[in-house]
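This report describes how the parts of one protein chain pack together. The sequence and the coordinates come first, and the description follows.

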Amino acid sequence: MHKRDFLRLSALGTSLALGASLIGTRIAMAANAEGWPAQSFAASSVDQVLQDLFQMRTLTESDRVHVLVAKEVDDALSVPVSVSVNHPMTDDDYIARIYVLVDHNPTPLASIFHCSPANGKAACYQRVKVLHDSPLRVIAQSNRGDIFAAKPAWVHVVKSKGAAE
């Protein structure tokens, strides 16, 4: 190996190592951000998530929360979920957060959406991963602390012949 090639490779390696350390620092900073519910996203059971977020308050089903999700899916890595909440969005009474949970995923809390009166309507759309047949739960929480839960929607993952288990 020539001296010039050695210096080039050394510079490249140093740049890659520095870049990787900066990215790792950014990820660590995001996980420790104020208000970030890291414990909820790391929880391995729905009960742990509900305990962390709602202190196991009784969740009653409400017809205010509407969830649109396919009952059977071929692509478990990208299941479309549409949520809307029929609730006023005024300055003193509005939906502040919408939680999406997939019971049988290794980490059930899929996402938290933050809303404000400026949204005009409490609604969200996303694609979630559903690894196994599982209930999908959506819970809306108002700025006053009221909780509205949709009836859990079961999602069945259809496995085609030859699909990896």
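In this predicted model, Y99 is a buried residue, with a relative accessible area of 4%. The ring of Y99 takes part in the 1 aromatic pair that a search of the whole structure finds. Its partner is F54: the ring centres are 5.1 Å apart and the planes stand at 80°, so the pair is edge-to-face. Because F54 belongs to helix α3 (residues 46-54) and Y99 to strand β4, the pair ties together parts that are 45 residues apart in sequence. F54 also counts as buried, at 1% relative accessibility.

**Helix α3**

F54 is one of the buried residues of α3, which are V46, V49, L50, L53 and F54. Viewed down the helix axis, these buried residues fall within an arc of 95°, so they line one face of α3. They pack against α2 (38-42) and against the strands β4, β5, β7 and β8 (147-149). After the helix comes Q55, which has a positive phi, near 50°.

**The nonpolar cores**

The largest nonpolar core has 28 residues, and those with the most contacts inside it are V65, V83, V85, I95, I98, V128 and V138. At least two residues of this core come from each of β1 (65-69), β3 (79-85), β4 (95-102), β6 (122-128), β7 (134-142) and β9 (153-157), while the largest share, 5 residues, is supplied by β4. In soluble globular proteins, nonpolar side chains tend to be buried together. V138 shows the contacts in detail: leaving out residues up to four places away in sequence, V138 touches V65, V67, V83, I98, Y99, V100, F148, A149 and A150. A second core, separate from this one, has 13 residues, among them A43, V46, I112 and I147.

**The cysteines**

How many disulfides does a search of the whole structure find? The search finds 0. The sulfur of C115 has its closest cysteine sulfur in C124, at 6.9 Å, and this is too far for a bond, given that a disulfide requires two cysteine sulfur atoms within 2.5 Å. Seen from the other side, C124 is likewise in no disulfide, with the sulfur of C115 as its nearest cysteine sulfur. C115 is buried, with a relative accessible area of 10%, and C124 counts as buried at 10% relative accessibility.

**H104 and its surroundings**

H104 is found in the loop between β4 and β5 (109-114). With a relative accessible area of 41%, H104 is partly exposed, because its value lies between the limits of 20% for buried and 50% for exposed. Apart from neighbours within four places in sequence, the residues in contact with H104 are H132, D133, S134, P135 and W154. One of these, D133, offers its backbone oxygen to the side chain of H104 at 2.8 Å. Another, P135, is 31 residues away from H104 along the chain, yet the C-alpha atoms of the two are separated by 7.5 Å.

The relative accessible areas given above are collected here.

| Residue | Relative accessible area | Class |
|---|---|---|
| F54 | 1% | buried |
| Y99 | 4% | buried |
| H104 | 41% | partly exposed |
| C115 | 10% | buried |
| C124 | 10% | buried |

Notes. Residues are numbered from 1 along each chain as its sequence is written. This is a predicted model: local features need pLDDT of at least 70, side-chain atom pairs count only at pLDDT 80 or more; totals for chains, interfaces and linings use all residues. Side-chain values use heavy atoms; hydrogens and water are left out. A nonpolar core is a set of buried Ala, Val, Leu, Ile, Met, Phe, Trp, Tyr and Cys residues joined through side-chain atoms within 4.5 Å. Buried means under 20% relative accessible area, exposed over 50%, partly exposed in between (1.4 Å probe, protein chains only). Helices (H or I, at least four residues) and strands (E, at least two) are DSSP runs, numbered from the N terminus. Contact means heavy atoms within 4.5 Å. A polar contact is a pair of N or O atoms within 3.5 Å; within protein, one must be able to donate a hydrogen and the other to accept it, and residues adjacent in sequence count only if both atoms are side-chain atoms. Rings of Phe, Tyr and Trp (its six-membered ring) pair if their centres lie within 6.5 Å; planes under 30 degrees apart count as stacked, over 60 as edge-to-face and the rest as tilted. The arc is that of the directions from the helix axis to the C-beta atoms.
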